[in-house]
Every structure is written in C-alpha cells, then in structure tokens.
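Trainee: Got a minute? I'd like to go through the labels on this model and ask what backs each of them up.

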Amino acid sequence: MTVQAICVEGIEKSFGGIKALRGINFSADAGTIHAIVGENGAGKSTLMKILSGIYIKDSGRMKIFGEEKHFTTPQQSQECGIGIVHQELALAPDLTVAENIFLEDLGQGRSLIDWKALNKKAGELLKAFGYDIDPRARTGDLSVAYQQMVEITKSLARDVRVLILDEPTAVLADPEVDVLFENLARLKARGVTILYISHRLQELFRIADDITVVKDGETVGHLNPKTCVEHDIITMMVGREMTSLFPPKLPPQNDIHFQIKHLNRPGLLEDINIEVRKGEVVGLAGLVGSGRTEIAECVFGIARQSSGEILKGGRPLRVAHPADAVRQGVGLVPEDRKLQGAVLSMPIEVNMTMSKLDGVSKFGILQQGKEKSLAQKLREALRIKLGKLTNPVSSLSGGNQQKVVLAKWINADCDVLIFDEPTRGVDVGAKAEIYSIIHKLAQEGRAILVISSELVELIGLCHRAYVISEGRITGEVAGSDMTEQKIMSYAIPRRVTEKQVH
C-alpha cells in the first residue's frame, strides 16, 4: 500500500509586499525521490524552508504522513522526521568536522563529551557515505565541495523520514555525485522520502521518480522523468522555447595573452603549464580537490607559489596580493559568491562599482551620481533583474547575484578573467545568459579561464580544456576529444585506475 509522505495544497507566502509563493501544490509518496525544479526566484527554497519550519506559511495546507501540520519552528519539523541540506552551507567554520556533524548532541546523550569516540563515529559515518575527510579537520579550512559533503553527512546521520536537498551537487564533480546518488538510493530503499532541488536537469533522469515544476511562486506542472525529456522541463520552467544553452564558439586570436609556466605549490600543485589566447575560453577540469581552485588562488594572489611564472602579454606579473592582480588586469569570479564574490548586506550599486573606485570618485571623494549611472549601465548590459540599485545584494536571486559579481569584474576592465564555478546554483535561463556574457567578454579580446565541475558546461562553453589530477595537468582536450569520457579518463587519479586494473 502506497503511503503519502507529503501533501502540499495551495501554500502561499509573502515577504512585505512581495508574494514569493502564490499557490504551490504537490505530493510525494514515501520511499520516492521527488524533484522540484524552477528558475531562480521561482519559490523552491522558500517552499523548502516552510517544510523545514524556518518560514511560517501564510495560507494553504500541509500534511506530513497524513497529519496536517503548521510548523512555527525548525524543531517541530525535525520532530516529524524532516531534515534539510541548504543550498547555502550552514556549518560552523571554526569547529571540526565531527563537531559539526554531531553539533546538536556532542555528548551523544551523556553529560561529558568523549572526543575520541566522537571523532571515531564521525570518521565511520564519513567513510560509510564514501567521503574521505578527516573528522578532526577544521571545517572552515575545507573547500566548498568538501564542506558540502560534511553538510550532507550531517543530515544523513540523523534518523530522517523526509530529506530535503537544495542544490546538493552544485560544487561536486561527477565521482562525488555518484557517491551521493548511491547514498540516496540506499535511503530510498529504507523508505526515506527525498525532495530534491537541482539546476542540473540531467541528474533528474538518473534519480527522480517524479518532477514538479514551479514558476513565479506557482506550480505549473508535473512531469514523469521516464516519459519526458530535458527540453520539456526547460520549456515549462522558463515559459518559452530555448534553442541552445551555449553560444557559438568563435575562433580565438593567434596571440597567446596569458601563460602559467612551471607553477609549483608544495603538496598541491606540480609543474602547471597553461596558455590562453586572446578571445579564447579555456576550461580547467578535474575532481574535487584536484588543484583547480589552487591554480586560481596563485594567479590572483590569494596564495603564493614556491616557483614558476605567471605572464600576461609576455611580461611576468608580480602578484603578492589580490589588489596586485586587479591592478595588472586579472580578475577572479570565485566559486562562493556569497562569501567571496559579493558583500551581501551592501547595496547592489556599491558591489558593482567597488572594483574600480577611481571611476566613480574625484580627489578620493565618492560621487554617488557617477556610481548610480555606472551601475545602471551595468545592470542594463547584463539584464539584471532587481527592484532598486540601492537594495542589498541579498535581495536578489542566485542568478542575479552572480550577475552582480560579473558586473564588478567587467567594471574593473580586466583582460584576464578566471571564472570558478560560474553557474553554481543558477537556473537554466540564467546559465544561458552567463554563457553569452562569458563569450562576449572573450570576443572583446579577453583571455578567459573557466573552472567547472559540470563537464557538459566545460564542453559546451570552452574552446579547450586542461585536466587536473592530484595537482598536475594530466591531459589537454579540444575538438572531438572534448568528451566526458576522455576528460574523466584524465581526471581519475592514477592510483585509483591502477587498483581497478589489478
């Protein structure tokens, strides 16, 4: 007999005068994976926060395993067996991995904490879920991808009946995604219901039993992943036909504009050599922890290399600090836009123009008229959807926040731009717009490096791609060689492939 785990009818939610949810309807059976998809700002995360007790619904009905519920606190949701992994990480960076996993009960029911037992249990959980992470490591020292794995382990460690996952694979490479999906299959077999939000639509055909599409705070339809195709989902999501996500790749110029020569960083990078021509989009592929972001950190002055050269236009760059990189025409769009890319609490116009203050100031005094005029031009050029330029960046959807970060670097007039996970947590419509922006920047003669965990993105966006494994470049792909299979054959560490051979 089929048991209905969740039933949502006519859920509405407003924030001030803005109606975030106008009437959401869907149901999910126990032991199924139900996908919720929609553009940024469609209301997906708001709905999940209502189900997890973070927000209180204004109207509508919500049944959990047949009982009508009206959550006013997260604790009430947890008592009903609902767990959530947020798109934006909710970990304590100064605590260890083990402390974060068991934060709600560090003593495991005892008055004193047995640190040895706690670390051992956390290590066993991480290993059981397929994650090679030291439970004693400081969480803030981990990459965003590894922090996401800790967040997922934290939720799986609880005895949940309903698990909500909001963009869980946004920063995970394919092997890590495979491990996650294996865990979700085991949970599903145990009768756990999973609500799954993702902008990686191809994932849904691997794991989802049902798909609900939301747009502008309303349910616009339900799809069966066994009978629909990706085009059907996209059309329903955006309300229009989309011919292609990726713009055509125009030939780059012959001039090599940016080079990395024999770059080394002890224990992380070994003899990295990269070339990018004017007008060329070059990808950096690899698994989580392979060294892709570490290359960007050296180029941008966040970290110091032990040896090697970084050249632009044939001349060596002297970069000891990010400010040095910006002065010499190098910009970085980081993988975590909320922590590193934008100041969320500050106005949109300030974020857009802060990268080049001399353009909006005179004699060291900020001219607000110039700032507003420049921000408006950038807003129009990037088609950023917003209320007022004076609103904080936090008021925007994920896709529009990312465009604000792009605007900041366009304003800085950098001729070398590095994009680290440029479409993380961004819907398919905004992805297409960001891809067009990147290609337009390349056509203006800039050299572009793109780091992405989405192989489809690298293949569709880039002229060429270098593959990084364990801190070394193990291959270069272009043309017909740019396939997922070829990239992964270079990306998987040799010690893994050797074990498989033997």
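Mentor: Sure. Keep in mind that this is a predicted model. Let's begin with an open sheet of four strands, ordered 12-11-14-15, with antiparallel pairing.

Trainee: What makes strand 12 and strand 15 the edges of that sheet?

Mentor: Count partners. Strand 12 and strand 15 (315-316) each have a single partner strand, so one side of each has no neighbour in the sheet.

Trainee: How do you know that strand 11 and strand 12 count as paired?

Mentor: The cut-off is at least two bridges between the strands. Strand 11 (residues 256-265) and strand 12 (residues 269-277) have six, in the antiparallel sense, so they pass the cut-off of at least two. For one position, look at I260, which stands opposite I274 in strand 12.

Trainee: And what joins strand 11 to strand 14?

Mentor: Five bridges, again antiparallel, with strand 14 covering residues 307-312. There, K261 stands opposite E309.

Trainee: What links strand 11 to strand 12 along the chain?

Mentor: A hairpin, with three residues between the two strands. In its turn, G267 has a positive phi of about 80°.

Trainee: Which helix lies across this sheet's strand 11, strand 12 and strand 14?

Mentor: Helix 9 does, running at about 110° to strand 11. In helix 9 (residues 292-300), the buried residues are R292, I295, A296, C298, V299 and F300. Just after the helix, G301 takes a positive phi of about 85°.

Trainee: Why is L263 called buried?

Mentor: Buried means under 20% relative accessible area. L263 is at 0%, so it counts as buried. This residue sits in strand 11, and its contacts beyond four places in sequence include L269, I272, C298 and S307.

Trainee: T46 isn't at zero, though. Why is T46 called buried?

Mentor: Same test: the limit is under 20%, and T46 has a relative accessible area of 14%, so it's buried. T46 belongs to helix 1 (residues 44-51). Past four places in sequence, T46 touches K13, F15, A20, L21 and Y55.

Trainee: And what makes T169 count as buried?

Mentor: Its relative accessibility is 1%, so T169 counts as buried. T169 lies in the loop between strand 7 (162-166) and helix 6 (174-189). Among the residues it touches are V177, L180, F181 and Y196.

Trainee: How far apart are T169 and E454, in sequence and in space?

Mentor: They are 285 residues apart in sequence and 9.7 Å apart in space, C-alpha to C-alpha. For L263 and Q376, the figures are 113 residues in sequence and 40 Å in space.

Trainee: Why is strand 19 described as largely enclosed?

Mentor: Five of the five residues of strand 19 (residues 416-420) are buried, so the rest of the structure largely encloses it. V416, I418 and D420 point one way and L417 and F419 the other way, and all are buried.

Trainee: Which strands pair with strand 19, and in what sense?

Mentor: Strand 16 (residues 330-333) pairs with strand 19 in the parallel sense over four bridges, with G331 standing opposite L417. Strand 20 (residues 447-451) also runs parallel to strand 19, joined by five bridges. In strand 20, A447 is the bridge partner of V416.

Trainee: On to helices. What makes helix 14 and helix 15 roughly parallel?

Mentor: The axes of helix 14 (residues 398-411) and helix 15 come within 10 Å and cross at roughly 10°. Angles under 35 degrees count as roughly parallel, and that makes helix 14 roughly parallel to helix 15. The contact involves G399, Q402, K403, L406 and I410 of helix 14 and A430, E433, I434, I437 and L441 of helix 15. By type, these contact residues divide into six nonpolar, two polar and two charged.

Trainee: Last one: which residues have the most contacts inside the largest nonpolar core?

Mentor: L184 and I211, in a core of 124 residues. Helix 15 (residues 428-443) supplies the largest share of this core, eight residues. Apart from it lies another core, of 25 residues, among them I11, I24, A42 and M62.

Methods
Residues numbered from 1 in each chain as written. Predicted model: local features only at pLDDT ≥ 70, side-chain atom pairs only at ≥ 80, totals over all residues. Heavy atoms only, no water. Core = buried A, V, L, I, M, F, W, Y, C linked by side-chain atoms within 4.5 Å. Buried < 20%, exposed > 50% of the residue type's maximum accessible area, 1.4 Å probe, protein only. Axes fitted to C-alpha atoms, helices over the stretch in contact; angles between N-to-C directions. Parallel < 35°, antiparallel > 145°, perpendicular 65-115°, else oblique. Contact = heavy atoms within 4.5 Å. Nonpolar A, V, L, I, M, F, W, Y, C, P; charged D, E, K, R; others polar.
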